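Hi,

Here is the structure I promised to pass on. Have a look at it first, and then read my notes underneath.

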Amino acid sequence: MPPSPAAAGAASPSNSSSASASDPTPSWWESVSQARSRILALSSILPPPADSDVAALADSDRPARALLRSPAAYAALSAALRSGGGADDPACHWLYDTLLSPDPDLRLAALAFLPLLSSLYLLRLPPALPSSLSGFEAVLLAVYSSEAKNRQGKPVLVQVPDLSVPSLYHTPLSSPSSKSPRRPQPPPIPPPPGNVVVGVLSPPLEPQAAVKSTKRAGIIGVAFEAYYAKISQMPPASKVDACNAVAAWAGQYCKCRFELDEKELDEEEADSLGSVSPLSSEAENGKALEEEMAKLRVNGDSNGRNCGEREGRVPLPWELLQPVMRVLGHCLLAPLNLTEVRDAAAEAVRVVYARSCHELVPQAILASRSLIELDKSARKAAKEAAAAASGAIVSVGTAGSTVSSSRPSSKPNTPGKQRKPDVLLVSK
């Protein structure tokens with residue numbers, strides 16, 4: 001097995017001074033050599049025929065990018081992670097060493113497996129043996145420690161606009177063309193320094209030496225924040241795994257996850273019916289009773305277990321759910337995502353909405369409902385655009401057939417009217 005990136009980085013300063021005189025870009029060559037060594041190390045732990053497919057990526061011009069964009073490499077390492085996770089798991093060792101690499105492209109290739117690893121880790125709790133999930137925990141702690149080092153003990157803040165401070169729209173300037181005399185405008189009032197509203201997206205990170213049960217959700221949430229920062233460069237399979245992981249964690253597959261979609265369908269049917277006579281009073285009473293029974297079935301069944309719950313549900317505190325919802329928002333609304341990514345995100349956000357409605361979590365209800373409404377409007381706009389494009393194509397084809405049918409069947413050079421005989425002038 002080739003040496004780890006840490007050992008390669010320790011030996012690089014002595015070689016860089018001698019190589020800088022001959023090679024104008026030694027850093028590029030070092031990154032390529034490290035990427036090739038990590039790819040060969042990965043191929044050595046994979047079973048055939050995936051090992052040969054992954055080893056072939058080392059011969060590309062940018063091996064780290066090739067590894068990140070290779071579906072075969074992602075599928076092979078995903079299968080290895082699903083059957084591992086322990087302290088001696090070679091797949092977890094490879095991810096841990098790659099996350100410590102100084103090459104950003106290599107770190108991206110390892111970060112792409114974070115959603116699948118987090119999903120497998122949470123779904124296997126509690127572990128059968130204390131060391132059966134140590135490999136997963138080591139990878140999560142590596143991502144967490146890197147984020148804590150980058151933030152330097154500072155929280156992630158966002159400034160919220162203060163509506164009590166006047167703006168340009170509150171005190172507009174009079175136009176010079178107006179005939180009314182200009183009135184002196186009061187100077188803008190500077191905001192008092194103590195009234196700045198600041199929102200905390202993420203609190204300061206404390207160093208963690210182990211994944212404790214009380215800190216588990218926060219550690220995974222920080223890992224998803226690091227994943228979200230690079231999500232635009234992640235492969236589609238990684239985004240699909242992220243959406244599937246969130247849906248499995250929420251685990252609320254009841255009918256109420258389609259509540260907002262059914263409401264829109266009911267409104268469309270009501271608009272299409274128009275002047276149809278309303279239901280009778282008996283029918284209305286029966287419908288109300290049926291809705292009441294449906295609510296009872298949704299809230300719980302006869303066994304005292306909530307309807308639609310599946311195995312794999314985990315607690316979703318806000319420190320974990322907030323970065324997860326940001327990931328779902330990208331997967332749902334980013335214009336360059338594939339259809340499979342958007343569909344997986346649409347399913348996941350509806351499951352989260354059902355879970356938040358059952359548990360009455362206001363932040364989760366607001367976030368998931370907003371994403372559902374945005375998804376519905378985006379799909380409706382895309383459907384209307386496709387219908388308009390198909391209608392334009394049909395109209396152009398109809399116009400072309402009409403023009404062609406109105407033309408005579410004669411040749412283009414044949415005149416439509418009978419020509420007069422030519423008159424020749426003869427001189428006498």
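**What I found**

Proline 317 counts as partly exposed, because its relative accessibility is 29%, which falls between the 20% cut-off for buried and the 50% cut-off for exposed. Before you go further, keep in mind that this is a predicted model. You'll find proline 317 in the loop between helix H13 (281-299) and helix H14 (318-333). Try picking out alanine 364 as well: it sits 47 residues away from proline 317 along the chain, yet the two C-alpha atoms are separated by 9.7 Å.

**The overall picture**

The protein chain has 16 helices and two strands. Of its 428 residues, 33% are buried. If you take the contacts in the chain with a separation of 6 or more, 74% of them are between residues 24 or more positions apart.

One helix to look at for burial is H7, which is mostly covered, with six of its eight residues buried. Those buried residues are Asp105, Leu106, Leu108, Ala109, Ala110 and Leu111.

**Aromatic rings**

How many aromatic pairs are there? The count comes to four. One of them is between tyrosine 74 and phenylalanine 113, with the ring centres 4.7 Å apart and 15° between the planes, so this pair is stacked. Tyrosine 74 belongs to helix H5 (residues 71-82), while phenylalanine 113 is in the loop between helix H7 (104-111) and helix H8 (114-123), so the pair links parts of the chain that are 39 residues apart. Are these two residues buried or exposed? Tyrosine 74 has a relative accessible area of 8%, so it is buried. Phenylalanine 113 has a relative accessibility of 7%, so it counts as buried too.

Now go to phenylalanine 224 and tryptophan 249. Their ring centres are 5.8 Å apart and their planes are at 80°, which means that the pair is edge-to-face. This pair also links distant parts of the chain: phenylalanine 224 is in helix H10 (residues 216-229) and tryptophan 249 is in helix H11 (residues 236-250), 25 residues apart. Both phenylalanine 224 and tryptophan 249 are buried. Add Tyr227 to your view here, since ring pairs link Phe224, Tyr227 and Trp249 into a cluster.

**Where H9 meets H10**

Stay with H10 for a moment and bring in helix H9 (residues 134-151). The axes of H9 and H10 come within 9 Å and cross at roughly 70°. That angle lies in the 65 to 115 degree range, so H9 is roughly perpendicular to H10. The crossing of H9 past H10 is left-handed.

Which residues in H9 and H10 meet? On the H9 side they are Leu140, Leu141, Val143, Tyr144, Glu147 and Arg151. On the H10 side they are Ile219, Ile220, Val222, Ala223, Glu225 and Ala226. Sorted by type, the residues of this contact are nine nonpolar, no polar and three charged. While you look at the numbering, here's a handy rule: an α-helix has 3.6 residues a turn, so residues three or four places apart point the same way.

**Backbone spots to check**

There are two cis peptide bonds for you to look at:

- Proline 48 and proline 49 are joined by a cis peptide bond, with omega about 0°. Proline 49 lies in the loop between helix H2 (26-44) and helix H3 (50-55).
- From leucine 125 to proline 126 the peptide bond is also cis, and omega is near -10°. Proline 126 is in the loop between H8 and H9.

Then look for positive phi values:

- Glutamine 152 is not a glycine, but it has a positive phi of about 55°. Its place is in the loop between H9 and strand S1 (156-160). With a relative accessible area of 62%, glutamine 152 is exposed.
- Leucine 360 isn't a glycine either, and its phi is positive as well, at about 55°. Look for leucine 360 in the loop between helix H15 (339-359) and helix H16 (362-406). Its relative accessible area is 67%, so leucine 360 is exposed.

Happy exploring!

How values were computed: Residues numbered from 1 in each chain as written. Predicted model: local features only at pLDDT ≥ 70, side-chain atom pairs only at ≥ 80, totals over all residues. Heavy atoms only, no water. Phe/Tyr/Trp six-rings, centres within 6.5 Å; stacked < 30°, edge-to-face > 60°. Helix = DSSP H or I, 4+ residues; strand = E, 2+ residues; numbered from the N terminus. Buried < 20%, exposed > 50% of the residue type's maximum accessible area, 1.4 Å probe, protein only. Axes fitted to C-alpha atoms, helices over the stretch in contact; angles between N-to-C directions. Parallel < 35°, antiparallel > 145°, perpendicular 65-115°, else oblique. Left-handed = near helix turned anticlockwise from the far one by under 90°. Contact = heavy atoms within 4.5 Å. Nonpolar A, V, L, I, M, F, W, Y, C, P; charged D, E, K, R; others polar.
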